[in-house]
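Hi everyone, thanks for making time today. I'd like to walk you through one structure, so please have a look at it first.

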Amino acid sequence: MRHSRHVLPGRHAPDPDGCYVARVSTLGMQPGDTVVACFPSFSTLILDGGDENTVNAVAQLPAYALGIGCDDTENLEMLWSRRKQQHDREMGPFLTPRMFPYSWLGLTARCDGFVFRIEDDPEAYLQYRGVDGTPYPDRTDIAVTLVWDSLAHDYVQEIVSFLTC
């Protein structure tokens, strides 16, 4: 995640009141299974556009702004496919047909979270390992970033939106 904030000269942007990354392991799931990362609130999440290779949504509660974000799997899969066809060595070995075993489908029907679908056998993605031999959890886990901050802070909507991209 890139971090750079636009702040007026001489002012410091406050840290958000909270930032949490929820990780859901897809191991043991089957193609066609659905995963819902839901954050019930008194407000509706609105898609905020995301950033390069990410998607995010924001909501305003009575005293807080809330943002959630995750990988833009559609865009990343397109890039993965293109680089695989070009035999791009920077991407490492192409051991699986997809970059992730899951897809982001969008907001839930109630607009209180994200929906994901398992597209491929997650066990196959354990082949990707770091130099220490451990599997990359980013290949098998669905990671959703949740950021919240008090509406009393300046630029609160921008902060929660930016930190979930």
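Let me begin with a word I'll use a lot: buried means under 20% relative accessible area, exposed means over 50%, and partly exposed is in between, with a 1.4 Å probe and protein chains only. Keep in mind that this is a predicted model, where local features need pLDDT of at least 70 and side-chain atom pairs count only at pLDDT 80 or more, while totals for chains, interfaces and linings use all residues. Residues are numbered from 1 along each chain as its sequence is written, and side-chain values use heavy atoms, with hydrogens and water left out.

With that in hand, look at Tyr102 and Phe116, both of which are buried. They form an aromatic pair, edge-to-face, with 5.9 Å centre to centre and 80° between the planes. Rings of Phe, Tyr and Trp (its six-membered ring) pair if their centres lie within 6.5 Å; planes under 30 degrees apart are stacked, over 60 edge-to-face, and the rest tilted. Tyr102 sits in strand S6 (residues 102–107) and Phe116 in strand S7 (residues 113–118), 14 residues apart, so to speak of distant parts of the chain being linked is fair. Strands here are DSSP runs of E, at least two residues, and helices are runs of H or I, at least four, all numbered from the N terminus. Tyr102 and Phe116 also belong to one aromatic cluster with Phe100, Trp104 and Phe114.

Which residue of S7 is the bridge partner of Val35? That's Phe116 again. Val35 is on the covered face of strand S2 (residues 34–38), along with Ala37. S2 and S7 run antiparallel, joined by five bridges; two strands pair if DSSP finds at least two bridges between them.

Phe116 turns up once more in the largest nonpolar core, which has 25 residues, as one of those with the most contacts inside it. A nonpolar core is a set of buried Ala, Val, Leu, Ile, Met, Phe, Trp, Tyr and Cys residues joined through side-chain atoms within 4.5 Å.

Finally, Asp149, in strand S8 (residues 141–150). Is Asp149 buried or exposed? It counts as buried, because its relative accessibility is 0%. Its side chain makes a polar contact with the side chain of His153, at 2.6 Å. A polar contact is a pair of N or O atoms within 3.5 Å; within protein, one must be able to donate a hydrogen and the other to accept it, and residues adjacent in sequence count only if both atoms are side-chain atoms. The backbone nitrogen of Asp17 lies 3.2 Å from a polar atom of the Asp149 side chain.
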